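Student: Could you take me through one part of this structure up close? I'd like to look at where the two domains of chain A meet.

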Amino acid sequence: MTDSLLAPPDATGRFGEFGGRFVPETLVPACQELEAAFVDAWADPVFREELDDVHRRYSGRPSIITECHNLGARLGVRLFLKREDLNHTGSHKINNVIGQTLLAKRMGKQRIVADTGAGQHGVASATAAALLGLDCKVYMGAVDVERQALNVFRMKLLGAEVESVESGSRTLKDAVNEAMRHWVANVADTYFCLGSVVGPHPYPYMVRQFQAVIGEEAHAQMRGMTGALPDVVVACVGGGSNAMGIFAGFVDEPGTRLVGVEPAGGAAIGHGVPGVVHGMRSNLLQDEVGQVEEAVSISAGLDYPGVGPEHSYLAQRGRAEYPSVTDDEVVEAFRLLSETEGIIPALESAHAVAWLSREAHGIQGQTVLMNLSGRGDKDVAQMMDILNGRL
Amino acid sequence: MAGLEAAFRATRDAGRKLLVPYITGGYPRWQDAVRACAANGADAVEIGIPFSDPVMDGPVIQAASHTALEGGATPAKILHEVPHLDVEIPLAVMTYYNLVHHPGPQRFAANLQRAGIAAAILPDLPLEESGPWCAAADAAEIETIMLAAPTAPDARLPLIADRARGFIYSVGLLGVTGERASLAETATDLAGRLKAITDKPVLVGVGVSDAVQAYQATRVADGVIQGASVVRRLMESGPDAVGDYVAEVRAAIDAD
């Protein structure tokens, strides 16, 4: 497996030249402790069985795959959706959170702190904390608190404390900053539950491992349903955890094309250059001196100027490609999947639909596996405003 | 100008405690604030180059950084002003690693050297990641001040002390910059642990919030860094208030 593109990062936490551990000195021992705890847990069959058990009996794994006959016929492809939207709490985020909270408990931590953009990771964190009897605090940008009010209420209902972040662009980037500051101050008893394949080592690797269940299931399911592997695997990319999760099943399958779809206003790989923020070296939207630029996306979950380091690595190696789609294309795609298949996607996941809708002409007759990372219930109020009068 | 560490060792060995105020570069009248520090007993000044995402900073320094950035502050503009400050004490810069990484460590180090900066503090660049920067800084004779935190196990402190140039920044508490009602016990604990393993100057920063706390910290440490308490005065009342405050802290730490 040494030739695998999916190998663990090196001893410094790098995938190629991306990743690392750029954190305040205060957090270095905590990151080292976490790395050791994760490696130990991941190799422990008891932990893995516990994780699988929660997945099966609580989250609803394995998630099914749905073939989209209507939209597939319209686009001229054979289209399959990996239904992470059907997980408990409505997105792939629960996969990572169950893993991290079980690890937090194993490490003897009583409190978790989380960042959230759209609120899906925050809701998943609050859910897992309720299940496992942990205290939970969630940092969320003030802009996102506004546009995802339903998720804020859900988190509170689940017993979590939600802190609205007023600094910077008041979105996901600033929620991560504030969660990191909280961690610096409370590192002794608090577990930092990062929501994506971002941050200092071991987070990008650990979160990818917790999300890899998506790709592993899908690999077997596609073989079973079609007798072959898909020609194209496509997923949206903000930080990139759902994409890394499904890519993990196919990275070492050279016949499968990997497509990560970024929002046009937050295309870290498409328009960024390597930089260092949130503990990692990866592609980053930044100005001419290195100040981090604000991402602008219709989707709170993708409103992030950076991207997981493993995506920068896969892009540099030419293994995955990272096109972007506009907010307008996303709105159309949101409607398209709803109308043709009776599935309302999360705005994040609608980015993948938008790419396929735009590019299907170039892949006629091919088999496409799309990760439907979340359901769109949380976005319905926002879409009512946007589509008002157009339905 | 002689190096920061040489100057600090000489001062310490002469029996005087070290005082390093922090000023956010690019904030209105920051140059006068640096001069006020120098005129009122500072041994060096730490000039912050504002970054968009300052994870080690609390609300006061975040707000000052934000104001400076809104006003168009850039690393180049701030460094361009440094030779015109016309102060006799060594100057250090504090910034976050992306502003070094973007131009590249060698170019950034050369820019500091050209401006007459003696030392640099990069709070999000821990020991394990510091290699490329330290090589460039050493070559440009920029002293890299390393941070040590209360969370460090004993085995880690000598590694940090070995790599530190200028002085060792002993982080006073678990948390980000900002004023606290009292000096945390961790401040003197860590300073004591460091003093036991190194003869490099040890200064306590983060959470040293007034003259009394500065006095308490310097009973163990060689000196203090004063950040949020200085910047708050700059924001509320301007450079003269900064000078008055630095003089007050100076008098406190000079007391027997």
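**Where the two domains meet**

Tutor: Sure! The C-alpha centres of domain 1 and domain 2 of chain A sit 22 Å apart, with the domain bounds coming from an automatic or database domain assignment. This is a predicted model, where local features need pLDDT of at least 70 and side-chain atom pairs count only at pLDDT 80 or more, while totals for chains, interfaces and linings use all residues. Residues are numbered from 1 along each chain as its sequence is written, and chains are lettered from A and ligands numbered from 1 in the order in which they are written.

In that assignment, domain 1 of chain A covers 14-54 + 93-203, and domain 2 of chain A covers 60-91 + 213-387. Their contact draws 34 residues from domain 1 and 39 residues from domain 2; two residues are in contact if their C-beta atoms, placed from the backbone, lie within 7 Å.

Now for the domain 1 side. The elements giving two or more residues there are β2 (18-22), α4 (93-106), α5 (120-132), α6 (142-147), α7 (149-157) and α8 (172-185) of chain A. Helices (H or I, at least four residues) and strands (E, at least two) are DSSP runs, numbered from the N terminus. β2(A) gives the most, with five residues. By type, this side of domain 1 has 14 nonpolar, 15 polar and five charged residues. Here Ala, Val, Leu, Ile, Met, Phe, Trp, Tyr, Cys and Pro count as nonpolar, Asp, Glu, Lys and Arg as charged, and the others, Gly among them, as polar.

Stepping back, chain A has 15 helices and 15 strands in total, and its C-alpha trace spans about 55 × 50 × 50 Å along its principal axes.
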